[in-house]
2 protein chains.
Amino acid sequence: MARWHPNARGRLEQAALELYSERGFEQTTVAEIASRAGLTERTFFRHFADKREVLFGGARALQEFLAKKVAEAPDSLAPIDAVATALEAVEFFFPERREYSRQRQSIISANAELQERDLMKLASLSVALAEALRNRGVGDPAAGLTAEAGIAVFKVAYERWIDETNQRDFRQLVRTALDELRAVITHQ
Amino acid sequence: MARWHPNARGRLEQAALELYSERGFEQTTVAEIASRAGLTERTFFRHFADKREVLFGGARALQEFLAKKVAEAPDSLAPIDAVATALEAVEFFFPERREYSRQRQSIISANAELQERDLMKLASLSVALAEALRNRGVGDPAAGLTAEAGIAVFKVAYERWIDETNQRDFRQLVRTALDELRAVITHQ
DNA sequence: TAGGACGATGGCAGCGACTGACATAAGGTA
DNA sequence: TACCTTATGTCAGTCGCTGCCATCGTCCTA
């Protein structure tokens, strides 16, 4: 394959997704991914920091998306509701990526190293949410705790969104999970 | 050094802690750790799954400790309070390890790979707490959400326990963090 | 249109984490 | 003492990842 074909990064992501699905993350070498994408191992590492990162290309964009949504939320909203509003908007961030998300999550679930990276991205998301809350005037440790609560809600909603066969929309899943968290935390 | 010296595992942990502190995690090779402990690289990997795991030897014991405490909590307690009770008891699990905990946390904070492993251990803790709650009859997703809330509380309490110069006891830190989480989640 | 600047890729050498296979020595036991 | 088990050593090898330099497309400009 000649050089200079367009979208090398995208081809690498696609090849990695296929190979990780076909034979598993550990059983796939970076050289194989690069080869399927018509590139070399060296070039793979110019596009991605390591073998795991190729599955997490969208993390930064999601983080910026959520931080922006929190910043834009009406001042009248309580911190946790500003976060919830941002999370509800995620359905617009994942347009028709449900099948892709399923495949990706299936790969991650099968490998501990990938789960670690996934947790790291969520932690980074939490930090970004907390920072956005502080910019709204929320103090510490409220900002951090609210962000962590938001991430817990997001995890539950996302898992259901992936697993469910019937199409409940993401907004509703977020609202439900937040209500469940409230019920569990509140004094009886 | 002759073979068969006692506590090889402990010596490896000590050597790793020293070297990671002195020159950083990345700048330390496993061969160096093993050498300082009077052993070889191969033996290191018989005691620890990888270079990071040497800092997380206590994770399994803490997990079992917390699960046991949740199981032993009075049936009358709400799920979140059963978890809080377990977390409060952690001060008995860290007897006089405050200085050690500081040093260890300082190492982890300086390296992303170690943070990933730390998050993984906390996630594992959360799974164990959720399982213990299900054994108390708590359903889903309440069990998972309660466990996640507990971990968020634990993080805040632990961070303060490490950072604070004045000796507030762990029980009080846990209670305070839980109250703050409640305030942040509750409708206004 | 020739030439040069610049960015993306290839090729290669090398380090370090980690593993499998086999040898060897220490400690306990009959 | 002979044997067995277990902890350790030795060695070779794979793979993730990086630095360095060469090479090739593409675009810009004179």
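So, what does a polar side-chain atom of A:His47 lie 2.8 Å from? The answer is a phosphate oxygen of DNA strand C. Before I go on, keep in mind that this is a predicted model.

Let me stay with strand C for a bit. There are 22 residues around DNA strand C, and the ones that come nearest are A:Thr40, A:Thr43, A:Arg46, B:Arg42 and B:Lys51. Sugar and phosphate make up 59% of the strand C atoms that come within 4 Å of the protein. Take A:Thr40: a polar atom of its side chain sits 2.8 Å from a phosphate oxygen of strand C. With B:Lys51 it's the backbone, where an N or O atom lies 2.6 Å from a phosphate oxygen of DNA strand C. If you ask which elements give two or more residues to the surface near strand C, they are helix H3 (41–47) of chain A and helix H3 (41–47) of chain B. By class, that surface splits into seven nonpolar, six polar and nine charged residues.

Now over to the other strand. Around DNA strand D we have 22 residues, with A:Trp4, A:Arg42, A:Lys51, B:Thr43 and B:Arg46 coming nearest. Here 60% of the strand D atoms within 4 Å of the protein are sugar or phosphate, and the rest belong to bases. For the backbone side of things, a phosphate oxygen of strand D is 2.6 Å from a backbone N or O atom of A:Lys51. B:Thr43 uses its side chain, with an N or O atom 2.5 Å from a phosphate oxygen of DNA strand D. And for those of you who like base contacts, look at B:Arg46: an N or O atom of its side chain is 2.4 Å from a base oxygen of strand D. H3 of chain A and H3 of chain B are the elements that give two or more residues to the surface near strand D.

Okay, how do the two protein chains sit together? Rotate chain B by 180°, with 0.0 Å of shift along the axis, and it superposes on chain A with an RMSD of 0.0 Å. That is the relation of a two-fold axis. In chain B, the C-alpha nearest that axis belongs to B:Glu116, at 2.7 Å.

On to the interface between them. In terms of contacts, 29 residues of chain B touch 29 residues of chain A. The copies meet through the same surface, because 100% of the interface residues of chain B are also interface residues in chain A. The area buried between the chains is about 2,700 Å², and carbon and sulfur atoms give 69% of that. B:Glu116 turns up again here: together with B:Leu145 and B:Ile185, B:Glu116 supplies 26% of the area chain B buries against chain A, more than any other three residues.

There's charge in there too. Six salt bridges cross the interface, and one of them pairs A:Lys155 with B:Glu148 at 3.4 Å, N to O. Helices H7 (112–135), H8 (142–163) and H9 (170–185) of chain B each supply at least two residues of the side that touches chain A. H8(B) has the largest share, nine residues. Sorted by class, that side of chain B has 16 nonpolar, five polar and eight charged residues.

Last stop, inside one chain. The whole structure has 40 salt bridges over all chains, including A:Asp81 with A:Arg182, closest N and O atoms 3.5 Å apart. That pair links distant parts of the chain, helix H5 (residues 79–88) and helix H10 (residues 170–185) of chain A, with the two residues 101 apart.

How values were computed
Residues are numbered from 1 along each chain as its sequence is written. Chains are lettered from A and ligands numbered from 1 in the order in which they are written. This is a predicted model: local features need pLDDT of at least 70, side-chain atom pairs count only at pLDDT 80 or more; totals for chains, interfaces and linings use all residues. Side-chain values use heavy atoms; hydrogens and water are left out. Contact means heavy atoms within 4.5 Å. Buried area is the accessible area (1.4 Å probe) that two parts lose on being put together, summed over both. A salt bridge is a side-chain nitrogen of Lys or Arg within 4 Å of a carboxyl oxygen of Asp or Glu. Helices (H or I, at least four residues) and strands (E, at least two) are DSSP runs, numbered from the N terminus. Ala, Val, Leu, Ile, Met, Phe, Trp, Tyr, Cys and Pro count as nonpolar, Asp, Glu, Lys and Arg as charged, and the others, Gly among them, as polar. A residue is near a molecule or strand if one of its heavy atoms lies within 4 Å of it. A polar contact is a pair of N or O atoms within 3.5 Å; within protein, one must be able to donate a hydrogen and the other to accept it, and residues adjacent in sequence count only if both atoms are side-chain atoms. Copies are superposed by least squares on the C-alpha atoms of residues with pLDDT of at least 70 in both.
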